[in-house]
Amino acid sequence: MALPDDKELESILGDGVDLTTFKQILEMDEPGDNEFSTSIVFGFFEQAEETFERMDVALDEKDLEKLSELGHFLKGSSATLGLIKVRDGCEKIQRYGKQENLDGSPEPDADVCLARVKEALMAVKSDYEEVEIGLKKFYDKDDEDEDGA
Amino acid sequence: MGTNTTITDTDRDRDSDTDSDLTNDICDLSPIPTLIVSPDYRIQRASKGVVDAWHRRRDDFLGKDLFAALYGGSPLERFDRIPLARAIEVAIAARNFRLCHAAYTADGVSYSARIIPIFRRDELLSLMLEWDPVEPKTPETRGEVIQHALSVDEVFRLLIQTVKDYAIFLLDTRGYVATWNAGAELLKGYTKEDIIGRHFSTFYGQEDLSAGKPEDELITCLREGRVQDEGWRYRKDGSRFWANVTITAIYRNGVHVGFGKVTRDLTERREGELRLIAAYEESAKLKNDFLANMSHEIRTPMHGMLSACALLLDTNLTEDQHDMANIISESGQVLLQVINGILDYSKLASGNFSVNTDLVGVANIISSVVRNVQMTLLPGVYIKLVLAPELPKSAQGDPLRFRQIFQNIIDNAVKFTEKGSVQVAASISAEDATSYTILTEVTDSGIGVAEDAVQNLFKPFTQLEKPTKKRYQGTGLGLSIAKSLAELLGGEMGYKPNLERNGSIFWFTVKLKKIANLDQLDAAGVQQQEKEKSQQEAEKEKMLKRLKEMAPQKRILAAEDNLVNQKVLSRVLNSLGFQHVTIASNGAEAVSILSASPNTYDLVLMDISMPVMDGFEATRKIRTYGNPIPIIAMTAYALRGDSETCLEKGMDDYISKPVNINKLLQKLLTWLDSPEWSKSVTNGPS
């Protein structure tokens, strides 16, 4: 399929996706199918959901180090897909987990950090849901296109 | 009996028989084993000591030849006599006594001989041999006696000094030359005085020096105890020789004290090898030239014969005659194909192949070939054609060669598919301002290719089907020709197994130029913009082309822990033409892959933050092992300080994540584009 134009993409995916980066992924598809990008995006969904679960557990156990690690992990893949809001949320979790403020200065109070992580985690989950809906819509719509062709 | 009284030269001795008898008696009665021997080595007297200590009879000695009496019966008599005979000669020449160490053994005890030559004026009268036991020893410890007497160090030093075919020398712990043997002098041209105290890296060439080879060798040697290497080494006069070098670390009481180095000159062997290679290349060229000439010469009469045969078939023939003429015609066609194949192959091999530029209608060519091939399908096999709608109606390229490549792989697919299907798919795999890359894929459900045979698929004169079966005819040239043609047309050819249906997928790409359409460029401004854009695009395209040309020969190791990123990164690298990409999921894995095969990879892409071992630590380890491979860090977008840290930590470059293809392209070109490569490109197809 030919790539949809930016406006169309933005209307489907919303502002949580950096189009330049995401289009780079789309361009890796073989002409005529979205097999590769689909596998990447849906692979990411799985990874994200699993990571959120592990973050919840780590939050219960007040394991800041683990939270920072998980934040960094999901930041990597979300950045690759251009999911900027999720990426930024994950970076916050990474920082707070390292007991740092967003500007990198140290924050010695572990309880403050845990509370901030909790808040950031809620926010990132909702950002994720939004982008998940957008992406699923995008791939569904694509199927329709192909059926119609 | 003292020595100073033995050499007597007085008239009294000569005249007095009584004195002479007394002397004889004294000699005979001496408890020390003593032999009196005439100048012609006849034993004249043997003392009591001989009888007592050696348990031998006087008659064994008296009147006998000295050496026969002492050593007679020993299987190695001719060796046993050597030291004593020499010592006697020396004693006579010096006119003084000489010792001969352990010259005789009786009952497991070695006896040394004191040889006293007795002269009257210039006339040798007699030799007196007195024997003393060396030290009472049992036969088991005899070896030690000799060793004590000789001093091991002294012996080995002597042995090494005299070796002429090997340079054998010692280095101190830091690699300075400490000893130097005759062989080293001959081989390397430095005298002992020249070289002792100088560093062993003196023998290496500039290239090895800048690659850090000498230090690497010492490091490896310390780690593994021993290191072996072959390479060019330089003599004092600047001439070089092909050396085989073994370095061994030397420890004394557990303390490293230096290195032993043995160098052999293998120049002759090396030159022999080079001559063989040159001869092989020459013969391959002659073979190709011969094939090209022969096939060309054969083709002309072949065409004549086939045309005549076609005419013959149109005449009135009996049924038998018709059948036979048909056989002639069919066999002739097969023969012609074989000849054409050989001709193409030899032209490709010699680089005399021309590519024409004409209009290519990809869809038309593919459909037409598929239509023809349909006639040859085995019953029950069907063919499916999928043409992407955006395929260009026409573009510039070589339509005949394109057809030839496609014909070849589809012929193979049809030939080897006995049931199921053959599917042909064509699409645009890449496109830029000036060209399309067309991907054609032929998927069959035929016999497939055995895993171990894949590497031979594209080698000339190879047919994978076992020769005993003989089910399929052909020269085994088809695929190798098709692959070379695809490369001539700016593309590639490859194989992958058809996992779904147990057959093969052969694919190839070719590059076709776009036909400039002037209508689109109406306004001058747009034109200018387009021009700049297309210049940029062209520049990018040029870089991409360069990278894609060298990528298949390059191996990349990428360390990245996130599965999603791993997949994207492999895809990006594959799309840039890399076929050999290994993914390590943490730093420790990357280090172990690299240390297991240090020369396999050309470049490392290294994520920084990874579990088990991070990218910094991994880089440090890789550098500790002395591996100079380029390492490009992939740093997360947010941690800005990382970039500088990367260079400090021994990495060569960095690229921010998420990885941008164009940036990556640039970095890869910077680190992989070596001067050798650009040289080889000038020989490539134009």
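Let's start at A:His72, which counts as buried because 24 C-beta neighbours lie inside 10 Å, and 20 or more are enough for that label. Keep in mind as we go that this is a predicted model.

Where does A:His72 sit along its chain? Its place is in helix H4 of chain A, which covers residues 64-81. According to the UniProt record, an unreviewed entry, A:His72 carries the annotation "modified residue: Phosphohistidine". Which residues does A:His72 touch, once its neighbours within four places in sequence are left aside? The contacts are with A:Gln94 and, in chain B, with B:Ser609.

That second contact is a good excuse to move over to chain B. Here you will find an open sheet of five strands with parallel pairing, and its order is S18-S17-S19-S20-S21. Strand S18 (580-584) and strand S21 (653-656) of chain B form the edges, each pairing on one side only. From one strand to the next, the twist averages 20°.

Now look at the S21 side of the sheet. Strand S20 of chain B, residues 631-635, runs parallel to S21(B) and is joined to that strand by four bridges. Along this pair, B:Met634 stands opposite B:Ile655 in S21(B). Helix H22 of chain B (residues 661-672) packs on the sheet, where it touches strand S19 (603-607), S20 and S21 of chain B. The direction of helix H22 makes about 170° with that of S21(B).

Finally, turn to the S18 side. Helix H18 of chain B, spanning residues 563-575, lies across S18 and strand S17 (555-559) of chain B. Relative to S18(B), helix H18 runs at about 165°.

Conventions
Residues numbered from 1 in each chain as written. Chains lettered and ligands numbered in written order. Predicted model: local features only at pLDDT ≥ 70, side-chain atom pairs only at ≥ 80, totals over all residues. Pairing = 2+ DSSP bridges. Helix = DSSP H or I, 4+ residues; strand = E, 2+ residues; numbered from the N terminus. Axes fitted to C-alpha atoms, helices over the stretch in contact; angles between N-to-C directions. Contact = placed C-beta atoms within 7 Å. UniProt positions renumbered as here; feature names shortened; annotations may be inferred. Buried ≥ 20, exposed ≤ 12 C-beta atoms within 10 Å, placed from the backbone.
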